[in-house]
Amino acid sequence: MVMHIVDRRLNPGSKSLENRQRFLRRAKALVQGAVKKSSQDRDIKDVLEGGEVTIPLDGMDEPRFRREGGTRDMVLPGNKKFVEGDWLQRPNQSGAKGSGAGEGDSEDAFRFVLSREEFVDLFLDDLELPDLAKRKLAETESEGIQRAGYATSGSPANISISRTVSRALARRVALRRPRKEEIEALEAELAECDDATRRRELLALLEALRAKAKRIPFIDPIDIRYRRFETVPKPVAQAVMFCLMDVSGSMSEHMKDLAKRFYMLLYVFLKRRYKHVEIVFIRHTDRAEEVDEDTFFHGPASGGTLVSSALVAMNDIVRTRFRPADWNIYAAQASDGDNMTSDSALTGHLLTDKILPVCQFFAYLEVGEAANYTFDMPDSSLWTLYERLRNEGAPLSMRKVSERGEIFPVFQDLFKRRSKQERV
């Protein structure tokens with residue numbers, strides 16, 4: 001049975017519920033924009049502490065209906081200036097919201113403080129791991145809600161009207177509750193009957209039916225049924241993120257700082273938004289090694305550069321621990337773009353034949369020195385190789401950063417919720 005519910009509740013005075021919903025969406029967008037803007041000048045650890053954000057007052061007024069013309073009566077009790085019948089000048093509604101020149105102070109922005117939880121939630125609200133597919137179900141599970149029949153008690157909001165009415169009807173039929181039509185027919189016959197004996201019989205029968213109808217209510221509390229819900233384990237898709245970072249001698253401290261900031265932000269994002277995501281840290285010079293979180297972010301290392309060593313290590317780990325049929329595989333690589341010329345062919349082969357076919361998403365972040373960066377500089381050898389592969393159809397997302405303030409916009413751009421075709 002299909003049920004259509006029409007909300008006929010009246011809107012609050014001078015307001016529209018549709019306009020209020022649009023206003024709330026606009027206000028949330030302003031707050032999210034302020035959070036993203038303020039985060040560009042913060043350190044990673046500062047992002048996790050929340051703080052003060054500022055949004056413009058323009059556009060923050062909730063829309064409402066106003067009467068622009070006509071007259072209306074007003075009651076102003078207790079005043080000494082007006083008497084009954086006075087006409088009041090309508091205030092001027094046009095012009096700017098602020099006061100005129102020489103008429104006092106005004107505010108053009110609204111400042112408020114967000115907690116740590118609120119700030120991070122707003123910052124990560126529209127981000128996601130792209131193309132997350134439910135392959136093999138994860139071992140850990142989250143809680144979900146599903147229908148579980150009916151109950152004799154519950155919240156009034158969960159009353160099942162159809163089930164309640166059907167049970168009430170069955171009870172009335174089983175107890176042979178007199179129908180309204182039957183009583184009305186006896187009343188009509190009584191009104192037209194002239195025989196005294198028959199009238200007494202009709203009156204007795206009518207009283208008995210009315211008494212029985214009162215004893216058997218139309219809907220009894222025992223008829224009421226509530227929709228019941230219960231929590232059930234909800235499967236979570238498995239995913240693994242490979243973090244590949246170049247720590248060779250060509251990477252300056254500034255470049256390493258940019259790469260680590262990007263990975264710290266990625267780490268916060270994954271741990272905050274996903275229940276079951278494995279993170280594998282691989283750093284490389286001319287050889288690659290899988291390390292723990294502390295070593296990845298704080299351990300010193302230096303040496304030559306062979307990008308293929310990181311891809312070989314990732315491929316070995318995928319084959320031994322993360323079957324592509326069971327896991328969603330992601331990778332984020334950060335490098336200054338330097339690589340041995342003799343290693344380019346092997347790097348391209350590993351990417352196109354081993355890594356990209358099993359990856360849901362592969363992001364490459366090239367870090368550079370802000371003081372030496374110019375738009376007319378030639379591309380690095382690794383950027384040139386990756387760009388050629390992408391032009392040939394490889395699913396690569398590539399970005400460049402040279403300053404700390406660019407980390408947050410680039411991260412938002414890479415992981416913003418959108419379709420697969422838009423991730424270029």
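Here are some short exercises with worked solutions on this predicted model.

**Exercise 1. A charge without a partner**

Find where D343 lies, and work out whether it is buried or exposed and which residues it touches.

*Solution.* Start with the location: D343 sits in the loop between β8 (328-335) and α10 (344-355). Next, look at its surroundings. D343 is buried, yet it has no salt bridge. The nearest side chain of opposite charge belongs to R388, and that is 12 Å away. A salt bridge needs a nitrogen and an oxygen within 4 Å. Finally, list the contacts: setting aside neighbours within four places in sequence, D343 touches L306, V307 and S308.

**Exercise 2. An unusual backbone angle**

Inspect the backbone at R176 and say what its phi is and where the residue lies.

*Solution.* First recall the usual case: most residues other than glycine have a negative phi. Now turn to R176, which is not a glycine but has a positive phi of about 55°. The residue falls in the loop between α4 (161-174) and α5 (180-192). As a last step, check the surface: R176 is exposed, at 68% relative accessible area.

**Exercise 3. A salt bridge within a helix**

Explain how R210 and E207 are placed to meet, and find the network they belong to.

*Solution.* Begin with the distance: the side chains of R210 and E207 form a salt bridge at 3.8 Å, N to O. Then consider the helix. Both residues belong to α6 (residues 196-215), and because they are three residues apart there, about one helical turn separates them. Accessibility comes next: R210 is partly exposed at 32%, and E207 is also partly exposed, at 46%. To finish, widen the view: salt bridges with shared partners link E187, E207 and R210 into one network.

**Exercise 4. Two further salt bridges**

Take the pairs D326 with R323 and K400 with D379, and describe the accessibility of each partner.

*Solution.* The model holds 14 salt bridges in total, and these two pairs are among them. In the D326 and R323 pair, N and O are 2.6 Å apart. Here D326 is buried at 14% relative accessibility, whereas R323 is partly exposed at 49%.

Now for K400 and D379, whose closest N and O atoms are 2.9 Å apart. K400 lies in strand β10 (residues 396-401), while D379 lies in the loop between β9 (359-367) and α11 (381-391), so this pair ties together parts that are 21 residues apart in sequence. Both partners are partly exposed: K400 has a relative accessible area of 30% and D379 has 37%.

**Exercise 5. Cysteines**

Count the disulfides, then decide whether C193 and C359 are buried or exposed.

*Solution.* A disulfide requires two cysteine sulfur atoms within 2.5 Å. With that cut-off, the count is zero disulfides. For the second part, compare each value with the limit for buried, which is under 20%. C193 has 13% relative accessibility, so it counts as buried. C359 has 11%, so it counts as buried too.

**Exercise 6. A hairpin**

Describe how β6 and β7 are joined, and name the partner of I282 in β7.

*Solution.* Look at direction first: strand β6 (residues 277-284) and strand β7 (residues 288-291) run antiparallel, with four bridges between them. Then follow the chain from one strand to the other: a hairpin connects β6 to β7 through three residues. Lastly, pick out the partner: I282 is bridged to E290 in β7.

Terms used: Residues are numbered from 1 along each chain as its sequence is written. This is a predicted model: local features need pLDDT of at least 70, side-chain atom pairs count only at pLDDT 80 or more; totals for chains, interfaces and linings use all residues. Side-chain values use heavy atoms; hydrogens and water are left out. Helices (H or I, at least four residues) and strands (E, at least two) are DSSP runs, numbered from the N terminus. Buried means under 20% relative accessible area, exposed over 50%, partly exposed in between (1.4 Å probe, protein chains only). Lys and Arg count as positive and Asp and Glu as negative; His and the chain ends are not counted. Contact means heavy atoms within 4.5 Å. Two strands pair if DSSP finds at least two bridges between them.
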